[in-house]
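Below are some notes on the model you sent, as numbered points. They deal with aromatic contacts and then with internal cavities.

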Amino acid sequence: NNKKNWNLSLVVLRLPSKGGILVQTSRMSSNIHLDSQGVERGECTKCGNCNQWERGRQKNVCGGCGCKPIFHEEITATHRPQKSVPVCNLPGCSEECWLENGKYFDYCSVRHAKEDQGNPSKAAPNGPVCKLTGCRKQCFFENGKYHDYCGKPHAMAGKSTANGSGRSGNPKCLSCTEDRIDDSVYCSRRCLDRHNRTDAILVPLSSSSTKFQSIADQFTQRWKHSSSPGQVVAIHSILTSSALSQRFKDHVEGIVKSRPNLVPFGKGSRGNVQRRFHGTNAMKCNLGLSGNTTLCTQSGCATCGIIRSGLLLSMAQSHFNWGRFGRGLYLSSCSSKSNDYNGGTQAGLGGNHRAMFVCDVAIGHGYKALNDMPTLQQAPSGHDSVLGEVGVALNYDEIIVYAEGAVLPKYLIIYTV
């Protein structure tokens with residue numbers, strides 16, 4: 001039968017298989033030239049390489065040339081009256097609008113819809129656009145009236161952005177318009193990492209927060225001297241400049257690459273990073289006390305200098321003429337040992353107040369030392385640090401590193417003795 005439109009017919013074939021089995025199969029009418037709307041279509045006017053529409057796996061794409069039905073000439077319409085097909089609203093696109101459940105959408109695809117609606121110069125089709133910067137949604141409609149924003153969250157964000165508050169009226173993240181999380185000036189780790197800080201920031205921790213309690217407990221429990229433990233007055237989180245933070249990250253990565261099988265001890269993280277105390281003997285201001293979080297610029301204020309620039313080898317032993325393990329940066333897990341070096345901070349804070357740092361230190365592979373090694377300028381070969389162990393020369397442990405990038409100040413503790 002050579003007709004274009006076949007009627008339903010039954011074809012009986014005798015297969016040359018053993019036993020002469022009869023196989024019956026049915027063949028539907030030749031409707032492969034009809035599109036999803038029942039329109040028979042012929043030659044494609046877009047590509048010019050297809051003589052007649054063929055229904056493929058995708059109902060709105062020709063199985064022969066891949067073009068849409070609108071580009072094939074209409075021959076007959078068997079299931080619906082002839083009507084024009086709308087074209088995608090995205091400027092420059094001539095594709096047929098997406099058809100679903102008998103209804104044409106305004107665009108040929110979701111991608112083109114988002115692209116067109118995201119155009120800042122294009123207003124929402126049925127009403128005003130949300131006033132929050134960057135949002136192109138239609139304003140919320142209620143009781144015959146359009147609001148200024150698309151919803152309550154954007155309304156709160158828009159009204160609070162001008163006064164430096166976040167979406168719910170709380171302090172705003174330094175990197176976006178979201179609310180800060182507790183004990184931070186950012187809303188998330190992502191904003192913390194991507195925000196470029198040119199200077200350090202001091203953030204007070206709430207005394208009821210988990211982080212405050214964790215550091216205060218470490219401070220008290222690691223006070224090993226016979227004197228009464230210092231009383232914690234305030235703890236501040238230190239957000240160093242982005243450059244200083246990156247220097248520390250690079251140092252840690254260097255350790256990880258050179259020692260891929262290194263296993264951190266205790267609660268250490270990659271590169272065997274540990275949390276340790278550091279005491280400094282010079283302070284010229286009352287930073288951290290009575291709500292003061294502004295770094296001073298006074299010469300000789302080591303506390304503000306460390307927060308801004310980190311621990312410097314050039315300042316090592318500036319107040320002491322001798323180093324048990326050479327010229328390095330000294331830290332300890334014993335808070336009372338670091339307190340021995342903090343007497344000078346009382347000059348700035350006044351009374352019996354002192355300041356102490358809690359730092360992240362990249363220990364890497366440490367060299368265990370029991371005896372004095374005062375001539376060291378770097379860790380012994382094959383090691384990244386020196387671990388001064390208790391027993392012979394020391395009553396309390398010490399960790400010494402010989403690279404400035406190996407230490408990052410994280411917290412400032414204000415306490416009384």
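**Aromatic pairs and cavities**

1. A search of the whole structure, which is a predicted model, turns up four aromatic pairs. Two of these are described in the points that follow.

2. Phenylalanine 219 and phenylalanine 277 have ring centres 6.3 Å apart, and their planes stand at 75 degrees, so this pair is edge-to-face. Planes over 60 degrees apart count as such. Phenylalanine 219 belongs to helix α4 (residues 210–221) and phenylalanine 277 to strand β11 (residues 273–278), so the contact ties together parts that are 58 residues apart in sequence.

3. Are the two phenylalanines buried or exposed? Phenylalanine 219 has a relative accessible area of 0% and is buried. Phenylalanine 277 also counts as buried, at 0% relative accessibility. The cut-off for buried is under 20%.

4. Phenylalanine 219 has a further partner in tyrosine 415: the ring centres lie 5.0 Å apart with the planes at 55 degrees, so this pair is tilted. The angle falls between the limits of 30 degrees for stacked and 60 degrees for edge-to-face. Here the link runs from helix α4 to strand β17 (residues 407–416), which holds tyrosine 415, and the two residues are 196 residues apart. Tyrosine 415 is buried, with 0% relative accessibility.

5. Which residues do the ring pairs join into a cluster? The members are Phe219, Trp223, Phe277 and Tyr415.

6. Turning to internal space, the search of the whole structure gives two cavities of 30 Å³ or more. The largest cavity holds about 60 Å³ of space, and the second largest about 30 Å³.

7. Eleven residues line the largest cavity, and those nearest its centre are Asp35, Gln37, Pro69, Glu96 and Tyr104. By class, the lining of the largest cavity comprises four nonpolar, three polar and four charged residues.

8. What lines the second largest cavity? Its lining consists of Asn60, Lys68, Pro69, Glu96, Cys97 and Trp98. Three of these residues are nonpolar, one is polar and two are charged. Pro69 and Glu96 appear in this lining and also among the residues nearest the centre of the largest cavity.

Terms used. Residues numbered from 1 in each chain as written. Predicted model: local features only at pLDDT ≥ 70, side-chain atom pairs only at ≥ 80, totals over all residues. Heavy atoms only, no water. 1 Å grid on protein atoms, 1.4 Å probe; cavity = no way out; pocket = protein on both sides within 12 Å on 5 of 7 lines; lining within 4 Å. Points joined across faces, edges and corners; volume = space filled by probe spheres on them. Nonpolar A, V, L, I, M, F, W, Y, C, P; charged D, E, K, R; others polar. Phe/Tyr/Trp six-rings, centres within 6.5 Å; stacked < 30°, edge-to-face > 60°. Helix = DSSP H or I, 4+ residues; strand = E, 2+ residues; numbered from the N terminus. Buried < 20%, exposed > 50% of the residue type's maximum accessible area, 1.4 Å probe, protein only.
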